[in-house]
Amino acid sequence: MYKRQQDLTTIISRALTDEEFRALLLSDPDTALAGYELEEAEEKALRNLPADAFDKLTMDLENRQSKSGFMGAFSLMSGKDAALDASTLLNLLSNKYGGK
């Protein structure tokens, strides 16, 4: 289970920071997600995200950081709470930014 949690964190982190990986995830999720261990619902959510979901989340995080001094979601995505935060971000991406 810990690998799955790490994998979800890695995928979301890469999609937010690596434009090539994000493009691959959106255009060819089979290739992008190969080798990662995810629950079926997580994989489905990632596959159904609209193309601009990561850009919108990044803008929201930057706005939040500039307004409150918040160090960004990734400061919270370490240690034992990593999966909770990665799952929370995936839910936010799916629910707020229009996953199918």
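Modeller: Contact means heavy atoms within 4.5 Å. The structure shown is a predicted model, in which local features need pLDDT of at least 70 and side-chain atom pairs count only at pLDDT 80 or more, while totals for chains, interfaces and linings use all residues. Residues are numbered from 1 along each chain as its sequence is written, and side-chain values use heavy atoms, leaving out hydrogens and water.

Colleague: What percentage of the contacts in the chain with a separation of 6 or more comes from residues 24 or more positions apart?

Modeller: The count takes in contacts with a separation of 6 or more. Within that set, the share of pairs 24 or more positions apart is 66%.

Colleague: How many helices does the chain have?

Modeller: Helices (H or I, at least four residues) and strands (E, at least two) are DSSP runs, numbered from the N terminus. From the N terminus on, the elements run α-α-α-α-α-α. The number of strands is 0, and the number of helices is 6.

Colleague: What percentage of the residues counts as buried?

Modeller: A residue is buried under 20% relative accessible area, exposed over 50% and partly exposed in between (1.4 Å probe, protein chains only). Of the 100 residues of the chain, the buried share is 39%.

Colleague: Which element gives the largest share of the largest nonpolar core?

Modeller: A nonpolar core is a set of buried Ala, Val, Leu, Ile, Met, Phe, Trp, Tyr and Cys residues joined through side-chain atoms within 4.5 Å. The largest such core holds 22 residues, of which Leu25 and Leu46 touch the most other members. Two or more residues come from each of α1 (2–17), α2 (19–27), α3 (29–33), α4 (40–47), α5 (53–68) and α6 (82–96). The largest share, 5 residues, comes from α1.

Colleague: Which residues is Leu25 in contact with, leaving aside its neighbours within four places in sequence?

Modeller: Leu25 is one of the two residues that touch the most other members of the largest core. With neighbours within four places set aside, its contacts are Ile11, Ala15, Ala32, Leu33 and Phe54.

Colleague: Why are the buried residues of α2 on the same side of the helix, and what arc do they cover?

Modeller: Phe21, Arg22 and Leu25 are buried in α2. They lie on the same side of α2 because the arc that they cover around the axis is only 100°. The arc is that of the directions from the helix axis to the C-beta atoms. On the other side, Glu19, Glu20 and Ser27 are exposed, whereas the buried three keep to the arc of 100°.

Colleague: How many salt bridges does the structure hold?

Modeller: A salt bridge is a side-chain nitrogen of Lys or Arg within 4 Å of a carboxyl oxygen of Asp or Glu. By that criterion, the number of salt bridges is 8.

Colleague: How many residues apart in sequence are the parts tied together by Arg4 and Glu39?

Modeller: The side chains of Arg4 and Glu39 meet in a salt bridge of 3.5 Å, N to O. Arg4 belongs to helix α1 and Glu39 to the loop between α3 and α4, so the parts that the pair ties together have a sequence separation of 35 residues.

Colleague: In which helix is Glu42, the other partner of Arg4 considered here?

Modeller: Glu42 and Arg4 are both buried. They form a salt bridge whose closest N and O atoms are 2.3 Å apart. The pair links distant parts of the chain, 38 residues apart, with Arg4 in helix α1 and Glu42 in helix α4.

Colleague: Which residue forms a salt bridge with Lys56?

Modeller: Lys56 is partly exposed, at 37% relative accessible area. The closest N and O atoms of the bridge are 3.2 Å apart, and the partner is Asp52.

Colleague: Which residues are joined into one network by salt bridges that share partners?

Modeller: Asp52, in the bridge just described, is partly exposed with a relative accessible area of 31%. The network built from shared partners consists of Arg4, Glu39 and Glu42.

Colleague: Which residue's side chain is joined to that of Arg47 by a polar contact of 2.6 Å?

Modeller: Arg47 is found in helix α4 and is partly exposed, at 32% relative accessible area. A polar contact is a pair of N or O atoms within 3.5 Å; within protein, one must be able to donate a hydrogen and the other to accept it, and residues adjacent in sequence count only if both atoms are side-chain atoms. Not counting residues up to four places away, Arg47 touches Pro29, Asp30 and Leu33. The side chain at 2.6 Å is that of Asp30.
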